[in-house]
Amino acid sequence: MNADLSARPAGPDDFETLVDLKWSMNQVEAASLPAGSRFATRLDLTRAAAEESTRNNLDWIARDGGEMLVFERDGSVIGCGGWGWSPAYAETRAEERAQVLLFGIVVAEAMRGQGLGRVIMKMLEARVAAAGARWVKLEAIVANTPAVRLYETQGFESVEMLMIKDLRG
């Protein structure tokens, strides 16, 4: 691991930081989409949307189990990432502890390119394994090549495809 990187559960005082990180991730993902992508037009890139998404994720893990972690280096937040029991397993997780979903994995913009995403992934996987999960999954925008490459180098395989169509035209 990276001895100078620490993880702690996010607390109420971290909410604004989590929203800022989510908002920055939304901007990166939107910029990765091809010009003219109809999916890009459905993205709500406002800070309010990032706030709502962050609140929804925190509500989900409070209800179904999991945690949102803040990653720090030298006392400064450099990223975040969370995990929660997949809704399909919410009722049976005590017996099976089968599958969790990773979400909201973000490295602060100024800290990107230093291998911290890999360290965060390893730390998240260790927490998930300690909780008893067997499988871990995540979602990524295919055009976000750096994220997809990171996940592939960490042993993730693409097994599903999500396709979107705008019915408005």
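A residue counts as buried when its relative accessible area is under 20%. Keep that cut-off in mind for this tour of a predicted model.

**Stop 1: an aromatic pair**

Select Phe156. Its relative accessible area is 16%, so Phe156 is buried. Now add Tyr151. At 10% relative accessibility, Tyr151 is buried too. In all, the model holds 3 aromatic pairs. Select Trp83 and Trp85 for one of them. Their ring centres are 5.8 Å apart and their planes meet at 85°, so this pair is edge-to-face. Tyr151 and Phe156 also form an edge-to-face pair, with 6.2 Å centre to centre and 65° between the planes. Check the tryptophans for burial. Trp83 has a relative accessible area of 5%, so it is buried. Trp85 is buried as well, at 3%.

**Stop 2: the sheet**

Show the strands. You should see an open sheet of 5 strands in the order S1-S2-S3-S4-S5, with mixed pairing. Which strands stand at the edges? They are S1 (5-9) and S5 (135-137). Each has a single partner strand, so one side of each has no neighbour in the sheet. From one strand to the next, the twist averages 30°.

Zoom in on S4 and S5. They pair in the parallel sense over 3 bridges. Select Leu101, then look opposite to find Lys137 in S5.

**Stop 3: helices on the sheet**

Select H3, residues 47-64. H3 lies across S2, S3 and S4, and runs at about 50° to S3. Next, pick H5, residues 116-130. H5 packs on the sheet and touches S1, S2, S3 and S4. Its direction makes about 150° with that of S4.

**Stop 4: helix H1**

Select residues 15-32, which form H1. Its 18 residues should span 26 Å at 1.5 Å a residue. The end C-alpha atoms are 26 Å apart, so the model agrees.

Now colour the buried residues of H1, among them Phe15, Leu18, Leu21, Lys22, Met25 and Glu29. An α-helix has 3.6 residues a turn, so residues three or four places apart point the same way. What covers the buried residues of H1? The cover includes H3, S2, S3 and S4.

**Stop 5: confidence**

Finish by colouring the chain by pLDDT. The average is 86, and 88% of the residues score at least 70. Where is confidence lowest? Select H4, residues 93-96, with a mean of 50. Where pLDDT is low, the predicted coordinates should not be read in detail. Then select S2, residues 66-73, where confidence is highest, at 96.

Definitions and conventions:
Residues numbered from 1 in each chain as written. Predicted model: local features only at pLDDT ≥ 70, side-chain atom pairs only at ≥ 80, totals over all residues. Heavy atoms only, no water. pLDDT = per-residue confidence, 0-100. Helix = DSSP H or I, 4+ residues; strand = E, 2+ residues; numbered from the N terminus. Expected span 1.5 Å × (residues − 1). Buried < 20%, exposed > 50% of the residue type's maximum accessible area, 1.4 Å probe, protein only. Contact = heavy atoms within 4.5 Å. Phe/Tyr/Trp six-rings, centres within 6.5 Å; stacked < 30°, edge-to-face > 60°. Pairing = 2+ DSSP bridges. Axes fitted to C-alpha atoms, helices over the stretch in contact; angles between N-to-C directions.
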